[in-house]
Amino acid sequence: MLPDSFQPEKTKRKNGLSLAGLGAGLAITSLSQDASAAVQGSTDTQSIAASGTSASGQKLTIPIDIDGDGNTEFNLVGWIASNTSEVLVDVEAVEAGARVVGSGYYADQVAGNASIDAGSAYTTLPAHLAWSETKGDSGDWLPVVQRGYAGVAFDFEGNTHYGSLDIEVSKFNAVYNSDSSEVEATLYGYVWETTPGAAIQADAAPDLPAPSSVPVGSFAVSATLFVVLCLLGLRRLYQQPA
């Protein structure tokens, strides 16, 4: 018997590393995203997986708040449809103004060096990465395993912005009226261009601020103080009576 519901698996990256010894400490931490950086995003990994018959029906969803405004712009969906022969993996445009690079009911698998911009072709329909029904399988993410980028556009604060979703369809097996039908997909992360109307490369990485550094002057003062203390210690050592 299949469980009544399924939840996406989410893996959080562990951040931070510290080293300390001999009275001195060194801290190494992951850098947070700079709010003023041109490209923002996430590298959290989330997976969805389902198996069973079409009669049971299973729909699993990963909501994607690409711009971090608290609203879902897109959903990554894995679906064994109830009472039909359909099995599919979709990117759904949820918010008004959201759309996916592709045409009709299909999302293009965009190359990493591709530009996502105003000249790209978009669809607002649920865009299939992989789709199977009685006529056969279709979609840019087939045959599995396929990992690629889905280009997107959406509205943020009244302006159009462009972004990219890093997705893999790792299982897609439609066997009708059989318990062996299964779908599995992973969202590895996403990015978006914070400058309104500016193009973004599909495999762009989020910009991070430069690591902070100790001013040269501060280091010089610390070194000088250390030398002075050493000299005072040696002087006291030589002044001690034999």
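A residue is called buried when its relative accessible area is under 20%. By this criterion, 33% of the 242 residues in the protein chain are buried. The model described here is a predicted one. Its secondary structure consists of one helix and 18 strands. The accessible surface of the protein chain is about 13,800 Å², and carbon and sulfur atoms contribute 55% of it. Among the contacts in the chain with a separation of 6 or more, 61% join residues that are 24 or more positions apart.

The largest nonpolar core contains 33 residues. The members that touch the most other members are I66, F74, L76, L129, L165 and I167. At least two residues of this core are supplied by each of the strands β6 (58-64), β7 (74-80), β8 (87-93), β13 (127-133), β15 (146-156), β16 (159-173) and β17 (182-193). Strand β17 provides the largest share, with five residues. The surroundings of I167 were examined further. When neighbours within four places in sequence are left aside, I167 is in contact with L76, V91, L129, W141, Q146, R147, G148, A150, T186 and L187. Apart from this core lies another one, of nine residues, which include V101, A153, Y162 and V191.

Several of these residues belong to paired strands. Strands β15 and β16 run antiparallel and are joined by 11 bridges. One of the bridge partners in β16 is Y162, which pairs with A153. The two strands form a hairpin with two residues between them. In the turn, E157 has a positive phi of about 55°.

Strand β15 also pairs with strand β9 (residues 99-103), in the antiparallel sense and over two bridges. Here R99 stands opposite A153 of β15, and V100 has V152 of β15 as its bridge partner. Thus A153 is matched with R99 in β9 and with Y162 in β16.

Strand β9 has further antiparallel partners. With strand β12 (residues 122-123) it pairs over two bridges, and V101 has Y122 of β12 as its bridge partner. With strand β10 (residues 106-107), β9 likewise pairs over two bridges, and the bridge partner of G102 in β10 is A107. Strands β9 and β10 form a hairpin with two residues between the strands, in which G104 takes a positive phi near 60°.

Two contacts between a charge and a ring were found on residues of these strands. R99 lies over the face of Y122, at 5.2 Å from the ring centre. The charged end of R147 sits over the ring of Y188, 3.6 Å from its centre. R147 is also one of the residues in contact with I167.

The structure holds four aromatic pairs. A pair of aromatic rings is described by the distance of the centres and the angle of the planes. For F156 and W192, the ring centres are 5.1 Å apart and the planes stand at 70°, so this pair is edge-to-face; the angle required for that class is over 60 degrees. The pair links distant parts of the chain, since F156 is in strand β15 and W192 in strand β17, 36 residues apart. Both rings belong to buried residues: the relative accessible area is 18% for F156 and 6% for W192. Together with F154, these two residues form one aromatic cluster.

Two polar or charged side chains were also examined for burial. E193 lies in strand β17 and has a relative accessibility of 7%, so it counts as buried. Not counting residues up to four places away in sequence, E193 touches A38, V39, H161, Y162, A198, A199 and I200. E193 and G41 are 152 residues apart in sequence, yet 8.9 Å apart in space, C-alpha to C-alpha.

S170 is found in strand β16. Its relative accessible area is 16%, so S170 is buried. With residues up to four places away in sequence left out, S170 touches V144, V145, E184 and A185.

Key:
Residues are numbered from 1 along each chain as its sequence is written. This is a predicted model: local features need pLDDT of at least 70, side-chain atom pairs count only at pLDDT 80 or more; totals for chains, interfaces and linings use all residues. Side-chain values use heavy atoms; hydrogens and water are left out. A nonpolar core is a set of buried Ala, Val, Leu, Ile, Met, Phe, Trp, Tyr and Cys residues joined through side-chain atoms within 4.5 Å. Buried means under 20% relative accessible area, exposed over 50%, partly exposed in between (1.4 Å probe, protein chains only). Helices (H or I, at least four residues) and strands (E, at least two) are DSSP runs, numbered from the N terminus. Contact means heavy atoms within 4.5 Å. Accessible areas come from the Shrake-Rupley method with a 1.4 Å probe; for residues, only the protein chains shown count as cover. Rings of Phe, Tyr and Trp (its six-membered ring) pair if their centres lie within 6.5 Å; planes under 30 degrees apart count as stacked, over 60 as edge-to-face and the rest as tilted. A charge sits over a ring if NZ of Lys or CZ of Arg is within 6 Å of the ring centre and within 35 degrees of the ring normal. Two strands pair if DSSP finds at least two bridges between them.
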